[in-house]
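Biologist: Please show me the model, and let me ask how its labels are justified.

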Amino acid sequence: MEQQTSGTPVRRYPRMAAEYDVSFRRSLPDGGLSDARSSQTRTLGLGGLMFETDNPLERGEALRVEIALGDHTISASGTVVYVDRRNAGPWQIGVQFTALGEDDRDALLGIYLQREYRLPAE
């Protein structure tokens with residue numbers, strides 16, 4: 001996230017409210033990945049996503065995520081940038097993408113444009 005001079009955080013990319021199946025794996029100290037855990041996105045954009053889980057993750061933790069967007073599955077690497085919990089509910093995990101392929105970026109952009117401008121799906 002970038003900062004305005006007022007100190008208020010501003011996102012580099014807009015996010016949209018979106019519920020898609022997401023699986024995530026934590027990076028392990030030995031270079032491997034943990035078993036996949038499943039969730040649903042709550043927000044999604046070109047710069048990252050937010051999902052909820054019953055177990056907290058650590059800020060700064062590296063993740064591998066896969067997001068099912070209909071017939072396209074996006075694979076990306078990311079870093080946990082915030083962990084929040086409200087009213088003893090699920091943990092909200094904010095992830096900033098650190099690696100996202102061009103095809104996956106294009107698929108995300110297509111979803112965003114369809115929703116934002118109510119364009120028909122191809």
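What follows is a short exchange about one residue and its helix.

Modeller: This is a predicted model, in which local features need pLDDT of at least 70 and side-chain atom pairs count only at pLDDT 80 or more, while totals for chains, interfaces and linings use all residues. Residues are numbered from 1 along each chain as its sequence is written, and side-chain values use heavy atoms, with hydrogens and water left out.

Biologist: Why is Asp104 called buried?

Modeller: Buried means under 20% relative accessible area, exposed over 50%, partly exposed in between (1.4 Å probe, protein chains only). Asp104 has 11%, so it is buried.

Biologist: How do you know that Asp104 has no salt bridge?

Modeller: A salt bridge is a side-chain nitrogen of Lys or Arg within 4 Å of a carboxyl oxygen of Asp or Glu. Lys and Arg count as positive, Asp and Glu as negative; His and the chain ends are not counted. The nearest side chain of opposite charge, Arg64, is 6.4 Å away, so the cut-off is not met.

Biologist: What makes a polar contact between the side chains of Asp104 and His72?

Modeller: A polar contact is a pair of N or O atoms within 3.5 Å; within protein, one must be able to donate a hydrogen and the other to accept it, and residues adjacent in sequence count only if both atoms are side-chain atoms. The two side chains are at 2.8 Å, so the distance fits. The side chain of Asp104 also reaches the backbone nitrogen of Ser75 at 3.3 Å.

Biologist: Where does Asp104 lie?

Modeller: Asp104 lies in helix 1 (residues 102–117); helices are DSSP runs (H or I, at least four residues), numbered from the N terminus.

Conventions: Helices (H or I, at least four residues) and strands (E, at least two) are DSSP runs, numbered from the N terminus.
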